[in-house]
Amino acid sequence: MASPLSAQTTIEGDNTTIQLSNTEDITTQTRAQVSSAPAAQLRGLDKLSGASVDLQSTNLKPVEFGALEITMHDCRYPKDNPSGDAYVRLTILDRGLEKPVFDGWMVASSPALSALDHPRYDVWVIRCKLDDRTPSVVAGESSPRPIMRPEGLGGN
């Protein structure tokens with residue numbers, strides 16, 4: 001016997017509507033709308049020297065970082081919040097290896113969720129770049145250069 005219409009799942013284009021059981025309350029869950037940007041802001045770290053560098057990757061144009069070649073396929077961000085969490089599809093090749101050392105999505109807010117596993121280099125996503133006016137570093141973000149202590153406080 002077929003289940004009642006209210007108990008079925010309906011898929012509508014990019015949104016997913018879920019209707020649960022025969023209760024009066026209907027729970028609806030919708031995925032956030034996203035847009036794609038033409039470029040991504042990445043940061044690379046050479047673990048051996050401790051040097052970090054900001055990289056800008058454009059769709060399908062490889063960027064070199066040490067022995068790595070990084071190719072961005074897509075940079076997605078929330079449509080209603082362009083400075084929000086970025087999701088970037090990357091392929092990272094090491095010139096000394098045949099297979100990619102990374103091929104998948106990286107998430108800016110969770111770099112450890114899907115990280116590059118390389119003995120010398122680390123690469124992570126900072127944000128999507130919509131145009132040249134999008135800043136490389138935003139106030140409060142970690143800087144690619146070490147912070148110098150004021151004179152008299154010791155250290156640097």
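Is Cys75 buried or exposed in this model? I would like to start there, because at 0% relative accessibility Cys75 counts as buried. Please keep in mind throughout that what we have in front of us is a predicted model, and I will come back to how confident the predictor is in its parts.

Let me stay with Cys75 for a moment, whose place is in strand E7, residues 68–78. If we do not count residues up to four places away in sequence, Cys75 touches Ser35, Ser36, Ala37, Ala39, Ala40, Ala86, Tyr87, Val88, Arg127 and Cys128. One of these, Arg127, is 52 residues away from Cys75 along the chain, and yet the C-alpha atoms of the two are separated by 8.4 Å.

Now let us step back to the whole chain. The protein chain has zero helices and ten strands, and a reader going along the sequence therefore meets the pattern β-β-β-β-β-β-β-β-β-β. Of its 156 residues, 28% are buried. Among the contacts with a separation of 6 or more, 39% are made between residues that stand 24 or more positions apart. The accessible surface comes to about 10,400 Å², and 52% of that surface belongs to carbon and sulfur atoms.

I promised a word on confidence. The mean pLDDT of the protein chain is 75, with 63% of the residues reaching 70 or more. Among the elements, strand E6 has the highest mean pLDDT, at 96, while strand E1, residues 10–12, has the lowest, at 42. There is a stretch, residues 3–23, where pLDDT stays under 50, and for this stretch the model has 35 contacts beyond four places in sequence. Towards the other end, residues 152–156 also stay under 50, and here the model has five such contacts beyond four places in sequence.

Let us look next at one sheet. Strands of a sheet pair through backbone hydrogen bonds, either parallel or antiparallel. In our model, an open sheet of three strands runs in the order E5-E4-E10, and the pairing is antiparallel. Strand E5, residues 52–58, and strand E10, residues 121–129, stand at the edges with a single partner strand each, so one side of each is left without a neighbour in the sheet. From one strand to the next, the twist averages 25 degrees.

Within this sheet, strand E4, residues 39–46, pairs with E5 in the antiparallel sense over seven bridges. You can follow the pairing residue by residue: Leu45 stands opposite Ser52 in E5, and the bridge partner of Gly44 in E5 is Val53. Between the two strands of this hairpin there are five residues, and in the hairpin Gly50 takes a positive phi near 80 degrees.

Further along strand E5 we find Ser57, which is buried, with a relative accessible area of 0%. Leaving aside neighbours within four places in sequence, Ser57 is in contact with Pro38, Ala39, Ala40, Leu42, Val63, Ile70, Thr71 and Met72.

What about Leu60, which lies in the loop between E5 and E6? Leu60 has a positive phi of about 60 degrees although it is not a glycine. At 57% relative accessibility, Leu60 counts as exposed, because the cut-off for that word is over 50%.

My last topic is aromatic rings. How many aromatic pairs does a search of the whole structure find? The search finds one aromatic pair. A pair of aromatic rings is described by the distance of the centres and the angle of the planes. Here the partners are Phe65 and Tyr121, 5.2 Å apart centre to centre, with 65 degrees between the planes, which makes the pair edge-to-face. The pair links distant parts of the chain, since Phe65 belongs to strand E6, residues 63–65, and Tyr121 to strand E10, with their positions 56 residues apart.

Are the two rings' residues buried or exposed? At 9% relative accessibility, Phe65 counts as buried, and Tyr121, at 6%, counts as buried as well. The cut-off behind that word is under 20% relative accessible area.

So, to close, I would ask you to find Cys75, buried in the predicted model at 0% relative accessibility, and then to look for the pair of Phe65 and Tyr121.

How values were computed: Residues are numbered from 1 along each chain as its sequence is written. This is a predicted model: local features need pLDDT of at least 70, side-chain atom pairs count only at pLDDT 80 or more; totals for chains, interfaces and linings use all residues. Side-chain values use heavy atoms; hydrogens and water are left out. Two strands pair if DSSP finds at least two bridges between them. Helices (H or I, at least four residues) and strands (E, at least two) are DSSP runs, numbered from the N terminus. Axes are lines fitted to C-alpha atoms, for helices over the stretch in contact, and angles run from 0 to 180 degrees between N-to-C directions. Rings of Phe, Tyr and Trp (its six-membered ring) pair if their centres lie within 6.5 Å; planes under 30 degrees apart count as stacked, over 60 as edge-to-face and the rest as tilted. Buried means under 20% relative accessible area, exposed over 50%, partly exposed in between (1.4 Å probe, protein chains only). pLDDT is the predictor's confidence in each residue, from 0 to 100. Contact means heavy atoms within 4.5 Å. Accessible areas come from the Shrake-Rupley method with a 1.4 Å probe; for residues, only the protein chains shown count as cover.
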